[in-house]
Amino acid sequence: MKLINKTNIDFLGPKRRKIALAVSAVLVIVSLASLATRGLEFGIDFTGGILLEVGYPQAANLDQIRNNLGAAGFTDAQVQKFGSDTDVLVRLPPQPNKNATEVRQQLQETLQAGGETIDLRRVENVSAQVGTELAERGALAMVVALMLIFVYVMIRFQWKFSAGAVAALAHDAIVTVGFFSIFGLPFDLTVVAALLAVIGYSLNDTVVAFDRIRENFFALRGVSAEEAMNVSINEMLARTLITGLTTLLVLGALLTLGGESIAPFSIALIVGIIIGTYSSIYTASATALALDVNAQDLIEPIKDPSLIDDLP
Amino acid sequence: MNKYPQWLNALVLVILMAGCLLALPNIYGSVDAVQIADNDGGAYDQAQLEEYVRVVEGAGVSPEAAYLHDGRVVMRFTSSEDQSTAGERLREQYIREANVALTLTPKLPDWVRGFGLSPMSLGLDLRGGVYVLLEVDMNTAIDSRMALYEQDFDDRLRDARIRHRVDLDNQLITIRLTGSEDMEAARSIVERADPDVVVADGADGKSLTVRMSETQIQERQNFAIEQNLTTLRNRVNQLGVAEPLVQRQGVDRIVVQLPGVQDPNQLDKILTATATLEFRMVDQSGDEPGSRRYTGRGDELPQVLKRQVIASGDQIIDAKAGFSEGQPAVFITLDSAGGERMLQTTMNNLNKPMSSVFIESRRETFTRNGVEEQRTIKIEEIINTATIRGVFKNSFQITGLTPLEARDLALLLRAGALAAPVYKIDDRTIGPSLGQDNIDRGFNAIRIGFLAVVLFMVIYYRAFGLIADVALFSNLIFIVAMLSFLQASLTLPGIAGIVLTVGMAVDANVLIFERIREEVTAGTAPQHAINSGYEKALSSIVDANITTLIAAIVLFGLGTGPIKGFAITLMLGIITSMFTAIVGTRAIVNLAFGGRKLSSLPI
């Protein structure tokens, strides 16, 4: 079976490139604007605070729970359903002047006020200090990963490719985070892990395309860089789409079957992989082209001039 | 063409069999068990195993299997009633020396256990339990050491008949003398007491300042952490939890993981409690140097107590809660040095009053200039004052507590005091129902995701797709095998990593197969197409996997908790998939198609 026969799409023609550039620019700007104005729904990992996941024997009455909590003095509690009608998530911001254990006990009692026996499924109690640290480490991980990747691609290819790859990755990361901001999805530690996996995946795509571009720079002589890149992208199109498809298949399974707590992770990966597939076709190569990449860039310069004298 | 040498085929087979063997323990279910671990961390031998079995059989139950595992005794039972009977009996008899825990254990046949194999260990989010991150208050650790110096210098200067006043403020001791003539003598006394402290002359020419050197501070901090680790391990051992983990993290933190514990509230008290006792004589004249007024707890009267401590919590080697004349009491046993001091004191002070002081640290948050800061406050309260009616040494009792306080205090005194207070900065509890849900959901996602990919590959690449599927399945076996071998905890994000690997691992085969198709389209003969497909795709596969590996390694290095679990399975998945997708599929392809005349390829 073949989904895609040999294609000859002009991905990198000047007109197409402009459209792609405009699309990417809009995506990035909208993402950044949303991040600046709406920010992110940071999870308890980053903000600190108290979180309780409780299971009720029957469908929970959220309004009732909110009223009970308000009456008990927890006016800043967030209450929401979690995955099913019987599962409820209660979240409180950090309570600096209170004993966390007492607060938690009081919360538990309030939630059982209706006389139901609740199943305490999860309790998290993160201090603001730890939250800040986790956020800092997450950001550091992103930066370090991008730097290492830049260096690796530079060693294996050349800095113009590196710049293209990192531009594509930064694009993917920004748009994925922007997606979380626009739709107000919970942003927790697992999403940071997913972002790094997206970076790894998208890079995977980009590097495979670059590999073929390098091969074609030498195989197709007398052809412009743009055309050589375009042929390469076309040749790799089937592979890019199939790998994207199999990955999305398993992520779809994870999103629908994996449960609520892993859902933000799955969503980040799904969005990231779709964006990453697009960016490895357009952003990465277009950036390298914009930097005037050509076959010369990939030929190793002769380091020792004395060798030249030995040539006939 | 396309023939692997026999040794290479054999090697692939051996590696696959090794993977299967390592993964094997995971197919057996779990069974109720009692686990007995030595409190001092020692390893049990066969004789002790037999002793424990005899004790259990004495209670009328017999274990289905009993063996040693990592120096611990494990007994498996066929019913949970037998398990709890055995647990109770053992706990009754061995509570002091051993941690007896009711748990689940994998039901491995003897020959599998004989290889030293065990299944994957599940993280707390899958098996349920409590995770607590504690911070050690290092300032208090330094403060308490400085207080000892202060008292020591004071004593020595008095013995040398040098008139002086000693103050301790902000971890700096200031010794004020009456004139500059005693400076040399005072300095040499201080330096003799401890040659490592940093001594400086005061600006006024008749005082000395003393502080701890950097090395001393570091040593003190390390000591505080190590001592706290020991104490926390002792305390945790009293809870009867199987495989508790108490581990240092970074400079001043301690991680505690207790699988299976469901009530974090009880735990908080036991982990962070600093409660300890001190015994001092009442200063009846009220004006001895160094005496100070202590408040009483509840109805207890305040007293002025002498500076000298007769005995303190760290000299208590055993403590039991009980009742004395209808009042809740703690029965205390002192070590020999403490007992000796107590004997001397009671002999010399018959009919004089002695007080028991209950000491506890609490952390308080306050706001200064709009910034939230935390400080430690030490609460010292007299819980009882009694007149010494007779001479005693090692064993005595104290009253003045509620029954619950007496029980907790006895536990804390038994486990030893914390060298410095600890504060909880992060805790997470996963209930058993969520843990089981997470396992079910995670494995379901793997199963369905795997099936979807397998079907897709067969439909799309036919026979070659089937070969890729075999490789994908062996890849799963290898991931499970490596996780079991490394005993790295499998977490929910870890499962997500496996799911992601399933989707991405076929990429190598997609690259190879697309390349083979290209070659076939270009008119290359089938055998050549296979060969150059594998050859030409190799550099792309390696590049692509190394870049993903970089991201995974960064995640592992910088990540915490859930991120680490994801990074581990992702890393393992990438590495094993390179083997299965390149070498593994090639071996099968070579066996199936190599060295034959082919007119076309089923791809």
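User: In this predicted model, which residues does B:V499 touch, not counting residues up to four places away in sequence?

Analyst: Nonpolar side chains in soluble globular proteins tend to be buried together. Here, B:V499 touches A:V250, A:A253 and A:L254 of chain A, as well as B:A445, B:I446 and B:G449 of chain B.

User: Which residues touch the most other members of the largest nonpolar core?

Analyst: They are A:L196, B:V499 and B:L555, in a core of 140 residues. Helix α12 of chain B, spanning residues 432–486, gives the most to this core, namely 20 residues. Another core, of 45 residues, lies apart from it and includes B:V34, B:A37, B:I225 and B:V422.

User: How should one read the crossing of α1(B) and α12(B): is it left-handed or right-handed?

Analyst: A pair of helices is read from the approach of the axes, the angle and the hand. The axes of α1(B), residues 6–23, and α12(B) come within 8 Å and cross at roughly 55 degrees. Because of that angle, α1(B) counts as oblique to α12(B). The crossing is left-handed. On α1(B), the contact is made by B:L16, B:G19, B:C20, B:L22 and B:A23. The partners on α12(B) are B:S474, B:I477, B:F478, B:V480, B:A481, B:S484 and B:F485.

User: Into which domains is chain A divided?

Analyst: A domain may be assembled from separate segments of a chain, as the bounds here show. Domain 1 of chain A comprises 14–41 and 131–298, while domain 2 covers 49–126. The centres of these two domains, taken over C-alpha atoms, are separated by 39 Å.

Terms used
Residues are numbered from 1 along each chain as its sequence is written. Chains are lettered from A and ligands numbered from 1 in the order in which they are written. This is a predicted model: local features need pLDDT of at least 70, side-chain atom pairs count only at pLDDT 80 or more; totals for chains, interfaces and linings use all residues. A nonpolar core is a set of buried Ala, Val, Leu, Ile, Met, Phe, Trp, Tyr and Cys residues joined through C-beta atoms within 7 Å. A residue is buried if 20 or more other C-beta atoms lie within 10 Å of its own, exposed if 12 or fewer, and partly exposed in between; C-beta atoms are placed from the backbone. Helices (H or I, at least four residues) and strands (E, at least two) are DSSP runs, numbered from the N terminus. Two residues are in contact if their C-beta atoms, placed from the backbone, lie within 7 Å. Domain bounds come from an automatic or database domain assignment. Axes are lines fitted to C-alpha atoms, for helices over the stretch in contact, and angles run from 0 to 180 degrees between N-to-C directions. Angles under 35 degrees count as roughly parallel, over 145 as roughly antiparallel, 65 to 115 as roughly perpendicular and the rest as oblique. A crossing is left-handed if the near helix is turned anticlockwise from the far one by less than a right angle, and right-handed if clockwise.
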